[in-house]
Amino acid sequence: MADQDRDDAFLEAYWSAARRLPPEPAPDWMQRITAEALQEQQRRAAPGDRPEGFWAQLYQVLGGWQGVGGLVAACAAGIWIGFAPPASLPDPVAVVIGDSTDVNLLQVGMFDIAMALEEG
């Protein structure tokens, strides 16, 4: 028990010192941050930095090649799933044409579930 009291007193000394001396940034920190921000604003405001044309602006808005690559992959996956859906999803072409029958995604009827709940 004496060890616990000694540890508590030891920690309390550190906590009280931390309360007395709040952390402060270096004196020139705010000036450095402001100078960097102003440099970045001037760099971005340069007229040669803006892309020319609709497609170049769209490319920049989408995030460059990383954003366009992700968009292309998502579109390809959507087209693939649309034309060759998994077995658990209805075929959209058959639904549009009207050849589709009633789709049951659960593979179990509602009455089967209700009867299972009644029995249990």
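Tutor: A surface patch here is built from residues that have over 30% relative accessible area and no salt bridge, and nonpolar side chains are joined into one when they lie within 5 Å. Please keep in mind that the model we are looking at is predicted.

Student: Thanks! Which residues form the nonpolar patch on the surface?

Tutor: To join such a patch, a residue needs over 30% relative accessible area. Phe54 passes, since its relative accessibility is 54%, and so does Trp55 with 66%. Together the members offer about 540 Å² of accessible area, and they are Phe54, Trp55, Leu58, Leu62 and Leu71.

Student: Which helix gives the most to the nonpolar patch?

Tutor: Let's start from Phe54, one of the patch members, whose place is in helix H3. Three residues of the patch come from one helix, spanning residues 54-61, and that top contributor is H3.

Student: How many of the eight residues of H3 are buried?

Tutor: Buried means under 20% relative accessible area. Phe54 is far from qualifying as it counts as exposed at 54%. H3 lies largely in the open because, of its eight residues, the number buried is zero.

Student: Which residue just after H3 takes a positive phi?

Tutor: Helix H3 covers residues 54-61, so look along the chain just past its end. There the backbone phi is about 105°, and the residue is Gly63.

Student: What is the overall secondary structure of the protein chain?

Tutor: Strands are easy to deal with, as their number is zero. Reading from the N terminus, the elements run α-α-α-α-α-α. The content of the chain is therefore six helices.

Student: What percentage of the 120 residues count as buried?

Tutor: The accessible surface of the chain comes to about 11,100 Å², with 65% of it belonging to carbon and sulfur atoms. For a residue to count as buried, its relative accessible area must be under 20%. Among the 120 residues, the share that meets this is 2%.

Student: Now the charged side chains: how far apart are the closest N and O atoms of Glu12 and Arg19?

Tutor: This pair belongs to a set of three salt bridges in the structure. Glu12 is partly exposed at 41%, whereas Arg19 counts as exposed at 58%. The salt bridge needs N and O within 4 Å, and here the closest atoms are separated by 3.5 Å.

Student: Which residue forms a salt bridge with Arg32?

Tutor: Arg32 is partly exposed, at 42% relative accessibility. Its partner is partly exposed as well, at 38%. With the closest N and O atoms 3.5 Å apart, that partner is Asp28.

Student: In which helix do Glu40 and Arg43 both lie?

Tutor: Their side chains meet in a salt bridge, with 2.7 Å from N to O. Glu40 has 31% relative accessible area and Arg43 has 45%, which means that each falls between the limits of 20% and 50% and counts as partly exposed. The two are three residues apart, about one turn, within residues 29-44, and that helix is H2.

Student: Are the rings of Phe10 and Tyr14 stacked or edge-to-face?

Tutor: The count of aromatic pairs is two. For Phe10 and Tyr14, the ring centres lie 5.0 Å apart and the planes meet at 80°. Planes over 60 degrees apart pass the cut-off, so this pair is edge-to-face.

Student: Why do residues three or four places apart in an α-helix point the same way, and in which helix do Phe10 and Tyr14 lie?

Tutor: An α-helix has 3.6 residues a turn, so a step of three or four places brings you back to the same side. Phe10 and Tyr14 are four residues apart, about one turn, and Tyr14 is exposed at 53%. Covering residues 2-20, their helix is H1.

Student: What is the angle between the planes of Phe54 and Trp55?

Tutor: These two also form an aromatic pair, with a centre-to-centre distance of 5.1 Å. Both rings sit on exposed residues, Phe54 at 54% and Trp55 at 66%. The pair is edge-to-face, and the angle is 75°.

Student: Last one: which residues does Ile81 touch, leaving out those up to four places away in sequence?

Tutor: Ile81 has its place in helix H4, residues 64-83, and is partly exposed at 44%. Its C-alpha atom is separated by 9.5 Å from that of Asp91, 10 residues apart along the chain. Contact needs heavy atoms within 4.5 Å, and the residues touched are Pro86 and Leu89.

Definitions and conventions. Residues are numbered from 1 along each chain as its sequence is written. This is a predicted model: local features need pLDDT of at least 70, side-chain atom pairs count only at pLDDT 80 or more; totals for chains, interfaces and linings use all residues. Side-chain values use heavy atoms; hydrogens and water are left out. Buried means under 20% relative accessible area, exposed over 50%, partly exposed in between (1.4 Å probe, protein chains only). Accessible areas come from the Shrake-Rupley method with a 1.4 Å probe; for residues, only the protein chains shown count as cover. Patches are made of residues with over 30% relative accessible area and no salt bridge: like charges are joined within 9 Å, nonpolar side chains (Val, Leu, Ile, Met, Phe, Trp, Tyr) within 5 Å. Rings of Phe, Tyr and Trp (its six-membered ring) pair if their centres lie within 6.5 Å; planes under 30 degrees apart count as stacked, over 60 as edge-to-face and the rest as tilted.
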